[in-house]
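Reader: I would like to learn how to read a structure one feature at a time. Please start with a contact list and work outward from there.

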Amino acid sequence: MSEISTRDAAQGGASARDAARDTARESALSVAAISSERSQSADNVWTRRLVLFLRVMALLSILKGLYHWAQVTGFVGGEDEAFENQSMAWQAATVYFAVIELVAAVGLWLATPWGAVVWLTTVVSMAVIELMFPGIYGGSLVVVGVEVFMLAAYLALAWMAARERPP
């Protein structure tokens, strides 16, 4: 009997030690989680700025996409500027941007890689249309300058965000 009671006492002491160890481990993990959240929020400044930039570009893409759809449906412009009265190249470009801008807006708002790729496609497409085909939208260098500025801002923010992540 004394052997059984000694074994039970040893098991009771071991389970008390295990419980104390588990409690200490849980508190250490929760403290580590709190401190890692603080360090991550301080270390990911450029990532947060990139996401903010992507959200602003998403809102701008929504506005541009809705404007193109307004051109297609006739909500903007007069009789002379009606969709049916425009050239086939203008109509094709307008429908293209009406669709792709809204798709890009969704991807940008979610901060997905495909959203950035679709948005980059819209930026480059608009710049190419303005420069290479001035008969479609008029060849405005201001539009090209704005598109190039947005592209440069994205690339700079993406570069800085990538540098703050460990390899």
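**Reading a helical model**

Author: Leaving aside residues up to four places away in sequence, glutamate 147 touches Lys64, Val123, Met126 and Ala127. This is a predicted model, and glutamate 147 sits in its helix α6.

Reader: Is glutamate 147 buried or exposed, and why does it count as such?

Author: The general idea is a cut-off: buried means under 20% relative accessible area. Glutamate 147 has 5% relative accessibility, so it counts as buried.

Reader: Which residue forms a salt bridge with glutamate 147?

Author: The general idea comes first. Side chains of opposite charge can pair when their charged atoms come close. Here, lysine 64 forms a salt bridge with glutamate 147, with 3.4 Å between the closest N and O atoms. That pair links distant parts of the chain, since lysine 64 is in helix α2 and glutamate 147 in helix α6, 83 residues apart.

Reader: How many salt bridges does the structure hold?

Author: The structure holds 2 salt bridges. Besides the one just described, lysine 64 forms a salt bridge with glutamate 101, where the closest N and O atoms are 3.4 Å apart. This pair also links distant parts of the chain: lysine 64 belongs to helix α2 and glutamate 101 to helix α3, 37 residues apart. Glutamate 101 counts as buried because its relative accessibility is 0%. Taken together, Lys64, Glu101 and Glu147 are linked in a network of salt bridges.

Reader: How should I read a helix, taking α6 as the case?

Author: Compare its end-to-end reach with the span expected for its number of residues. Helix α6 covers residues 141–163, which is 23 residues. From first C-alpha to last, α6 reaches 33 Å, close to the 33 Å expected at 1.5 Å a residue.

Reader: Which residues of α6 are buried, and which helices do they pack against?

Author: The buried residues of α6 are Val144, Glu147, Met150, Ala153, Tyr154, Leu157 and Ala161. They pack against α2 and α4, the latter being residues 113–132. Take alanine 153, found in helix α6. Alanine 153 is buried because its relative accessible area is 19%, and the cut-off is under 20%. Its C-alpha atom is separated by 8.6 Å from that of phenylalanine 53, although the two residues are 100 residues apart along the chain.

Reader: What does the whole chain look like in terms of secondary structure?

Author: Count the elements, then read their order. The protein chain has 6 helices and 0 strands, and from the N terminus on its elements run α-α-α-α-α-α. Of its 167 residues, 28% count as buried. Among contacts with a separation of 6 or more, 62% are between residues 24 or more positions apart. One pair of residues distant in sequence is alanine 92 and isoleucine 136, 44 residues apart in sequence and 9.7 Å apart in space, C-alpha to C-alpha. Alanine 92 lies in helix α3. At 46% relative accessibility, alanine 92 counts as partly exposed.

Reader: What about the surface: which residues make the nonpolar patch?

Author: Look first at the total, then at the patch. The accessible surface of the protein chain comes to about 10,900 Å², and 68% of that belongs to carbon and sulfur atoms. A nonpolar surface patch of about 970 Å² is made by Leu59, Ile62, Leu66, Trp69, Val95, Val99, Val103, Val106, Trp109, Leu110 and Trp114. At least two residues of the patch come from each of α2 (45–73) and α3 (88–109). With 5 residues, α3 gives the most to the patch. One of the patch residues is valine 95, which lies in helix α3. Valine 95 is partly exposed because its relative accessible area is 32%.

Reader: Which residues does UniProt list for "transmembrane region"?

Author: Treat such a record as an annotation and set it beside the coordinates. In an unreviewed entry, UniProt lists residues 50–70, 90–110, 117–136 and 142–162 under that heading. In the model, residues 117–136 are 95% helix and 0% strand, with the end C-alpha atoms 24 Å apart. Residues 142–162 are 100% helix and 0% strand, and there the end C-alpha atoms lie 30 Å apart.

How values were computed. Residues numbered from 1 in each chain as written. Predicted model: local features only at pLDDT ≥ 70, side-chain atom pairs only at ≥ 80, totals over all residues. Heavy atoms only, no water. Patch = residues over 30% accessible without salt bridge, like charges linked within 9 Å, V, L, I, M, F, W, Y side chains within 5 Å. Areas by Shrake-Rupley, 256 points an atom, 1.4 Å probe, with all protein chains shown as cover. Salt bridge = Lys/Arg side-chain N within 4 Å of Asp/Glu carboxyl O. Helix = DSSP H or I, 4+ residues; strand = E, 2+ residues; numbered from the N terminus. Buried < 20%, exposed > 50% of the residue type's maximum accessible area, 1.4 Å probe, protein only. UniProt positions renumbered as here; feature names shortened; annotations may be inferred. Expected span 1.5 Å × (residues − 1). Contact = heavy atoms within 4.5 Å.
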